Amino acid sequence: MEQALKKGVKFGARPKLKPGQVEELKARVAAGEEKSRLAKEFGISRPTLYKLVS
């Protein structure tokens, strides 16, 4: 694993959303849109939405 890290290999899951999408999501939550609907629209779970918004 140490050798892989030295070569630049990345571990873990890829981010679900791009930074621009996260900002849009935060703005829409702040505007009062329904969180469950936003989660479906962005293709993420509600717990992921709450994690990104907090």
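Begin by selecting Arg37 and Glu33 in this predicted model, and show their side chains, which meet in a salt bridge with 2.7 Å between N and O. With both still selected, turn on a surface or an accessibility colouring: Arg37 counts as partly exposed because its relative accessibility is 40%, and Glu33, with a relative accessible area of 24%, is partly exposed as well.

Keep Arg37 in view and add Glu41 to the selection, since a second pairing is found here. Arg37 forms a salt bridge with Glu41, and the closest N and O atoms of this pair are 3.5 Å apart. If you draw the backbone as a ribbon, you can follow helix H3 from one residue to the other: they are four residues apart in that helix, so about one helical turn separates Arg37 from Glu41. As for its surroundings, Glu41 counts as partly exposed, at 45% relative accessibility.

From Glu41, move on to Arg28, which lies in helix H2, the run of residues 19-30. The side chains of Arg28 and Glu41 meet in a salt bridge, at 2.8 Å from N to O. Colouring the two helices separately helps at this point, because Arg28 belongs to helix H2 and Glu41 to helix H3 (residues 35-42), so that the pair ties together parts that are 13 residues apart in sequence.

Is Arg28 buried or exposed? At 16% relative accessibility, Arg28 counts as buried, because the cut-off for that class is under 20%. To see what lies around Arg28, select its contacts beyond the neighbours within four places in sequence, and you will find Glu33, Arg37, Leu38, Glu41 and Phe42. Glu41 is thus one of the residues in contact with Arg28, and the side chains of Arg28 and Glu41 also make a polar contact at 2.8 Å.

For the last stop, widen the selection to see how these pairings join. Which residues are linked in a network of salt bridges? They are Glu24, Arg28, Glu33, Arg37 and Glu41, so add Glu24 to what you already have on screen and show the side chains of the whole group. Side chains of opposite charge can pair when their charged atoms come close. The structure as a whole holds five salt bridges, and this tour has paused at several, including the one between Arg37 and Glu33 where it began.

Notes:
Residues numbered from 1 in each chain as written. Predicted model: local features only at pLDDT ≥ 70, side-chain atom pairs only at ≥ 80, totals over all residues. Heavy atoms only, no water. Buried < 20%, exposed > 50% of the residue type's maximum accessible area, 1.4 Å probe, protein only. Polar contact = N/O pair within 3.5 Å; in protein donor to acceptor, adjacent residues only side chain to side chain. Contact = heavy atoms within 4.5 Å. Salt bridge = Lys/Arg side-chain N within 4 Å of Asp/Glu carboxyl O.
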